[in-house]
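Hi everyone, thanks for coming along. I'd like to walk you through a model today, so let's put it up on the screen.

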Amino acid sequence: MDQTVEKQAMAPKAAPVISESEKNTIIGGVLLSMLLAALDQTIVAPALPTIARALGHAEYLPWIVTGYLLTATAVAPLYGKISDVYGRRPVIHTGILIFLLGSLVSALAPNMLVLVVGRAIQGAGGGGLFALAQTVIGDLVPPRERARYAAWISGTWAVASIAGPLLGGVFAEHLHWSLIFWINLPIGFLAMAIVNNPLKKLPIAAKHHRIDGLGAVLLVIATALLLLALSWGGSAYPWFSPEILGLVACSAVFWFFFALRLLRAAEPLVSLEVLGNPIVLAGTLSMFLLQAANIGASVYLPVYLQSIVGLSVSESGTAMLGLLLGTVAGAAFSGRMITRFVHYKRIAMIGISLAIVCIGLLSAIAGHASLLEVEILTTLIGLGSGTTFPVATVSVQNAVDRAHLGVATGVLTFLRTLGGALGVAMLGAVALGYGLPLAAEGSQTRIQLTSATPFVMIFLTAGITLVLTLITLALMPEKELRGHEEHAAPVLAE
């Protein structure tokens, strides 16, 4: 009897059972934290002129956006690894608190320098919230059911894309620009309160692992230098100027040392097993290419609508809803259909094929397209592209076990964001090469061009990038989606 009691005492405790209501509460809370970070990527732009008048030094305005982008992109893979080691709850709380600290610094900023610093702090917190939201959903929901939540994530981005510019404009014009940062505080504390208790039941995936500090530093520096080159190239400096070439060279050096660190570290920041998994490799690359095409094209689509179709600045913003809502609808459809197909990646391949055809048609009629034709084509482009988000995310998360879930999701988020930055730079170079006056972008005066050639080439380049996305998806192996038996998965799925 004593031996039985002793064995029972030594046996590991079963993980607490998370009820369905607690699961929904956690998912709602992490999506709210994701909305917090997504909102701050869109809410600032309409307020930039007002901020420049209030704080001066308008030449540093781009840094309000760039500062956030730099830190948010660079830290995304770090949060995934840290949460694998220390648990989701403390890392989510840390990310939200860092974000709120940056919001407080930004709201109280007496000058442009302090505001830029505040935005960089915001990014250091917000960048982790993107990856952590998807990671937590991956903890709670088996891969077979996980895709349907992709529509929630896409919907979160849709809300941020629509509400951000509206709120930013209202606050800056009718109230005070600092409210775009003050509003984060109640939302952030609400998100923390919602997830606080339920998240305690999530087990720590990799308790006996550690963080590679040197690898983290090398990754952040390499990423920051590359993003600076992409942000400044073609705008602040010519692409082949010593400044841009120097940044690219320095970034390459740090990427080289980071690769060496991955090979030599006892426990690298990103597991080589994860990076070497063909599903992870193809899935993350497809998201990188897709975002390069999508974000790049969406930046120049309003310019096309103003200069060729003849819309005003506000009208062009409204006309972007087709692309946005089409993407959300595509993700929702794909998420619901994945479980009904054995070869589920074909959903994304058909969707991307549709997007390629439509963006090809848009480039062919760019010089004489009506608004209705543009709306139909861009909606279909969004619908087709949107199907890839659930397929890529679920495929990558299904390819690894729970102990590597944070790392794999962090890498996916990192390359997704980096792809968007590269796409803007790539299509910006195409635009400049064909004479598009980018200085006019975002101004309140309508751009007038005599030729649609720059946009024809922009759409064609985006279409070629989508073709590469299709090829990558075709080469991605498929693995049967795990159900509720996910806890029994091996250390790394084959």
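Let's start with S286, which touches A392, T469, T472 and L473, leaving out residues up to four places away in sequence. Keep in mind as we go that this is a predicted model. Where does S286 lie? It is part of helix α14, which covers residues 278-309. And is S286 buried or exposed? Its relative accessibility is 0%, and because the cut-off for buried is under 20%, S286 counts as buried. There is also a polar partner for you here: the S286 side chain reaches the backbone oxygen of G283, at 2.7 Å.

Staying with helix α14, have a look at Y304. Together with F459, Y304 forms an aromatic pair, and the geometry is edge-to-face, with 5.4 Å centre to centre and 80° between the planes. Why does this pair tie together parts that are apart in sequence? Y304 lies in helix α14, while F459 lies in helix α21, residues 453-475, so the pair joins parts that are 155 residues apart in sequence. Both rings are tucked away: Y304 is buried, with a relative accessible area of 0%, and F459 counts as buried at 2% relative accessibility.

How many aromatic pairs does the structure hold? There are six. Another one of them is W177 with F181, again described as edge-to-face, at 6.3 Å centre to centre and 85° between the planes. W177 and F181 are both buried. Then there is a cluster, in which ring pairs link W255, F258 and F414.

Now for the nonpolar cores. As general background, nonpolar side chains in soluble globular proteins tend to be buried together. Here, the largest nonpolar core has 58 residues, and the members that touch the most other members are I27, V30, I96 and I137. Which helix gives the most to this core? That would be helix α2, residues 20-42, with ten residues. If you'd like one residue to zoom in on, try V30: setting aside neighbours within four places in sequence, V30 is in contact with I92, A133, V136 and V195. There is also a second, separate core, with 53 residues, and its members include Y344, I381, V396 and I458.

So, if you take one residue back to your desk, make it S286, buried in helix α14, with its side chain reaching the backbone oxygen of G283. Thanks, and I'm happy to take questions.

Methods:
Residues numbered from 1 in each chain as written. Predicted model: local features only at pLDDT ≥ 70, side-chain atom pairs only at ≥ 80, totals over all residues. Heavy atoms only, no water. Helix = DSSP H or I, 4+ residues; strand = E, 2+ residues; numbered from the N terminus. Buried < 20%, exposed > 50% of the residue type's maximum accessible area, 1.4 Å probe, protein only. Polar contact = N/O pair within 3.5 Å; in protein donor to acceptor, adjacent residues only side chain to side chain. Contact = heavy atoms within 4.5 Å. Core = buried A, V, L, I, M, F, W, Y, C linked by side-chain atoms within 4.5 Å. Phe/Tyr/Trp six-rings, centres within 6.5 Å; stacked < 30°, edge-to-face > 60°.
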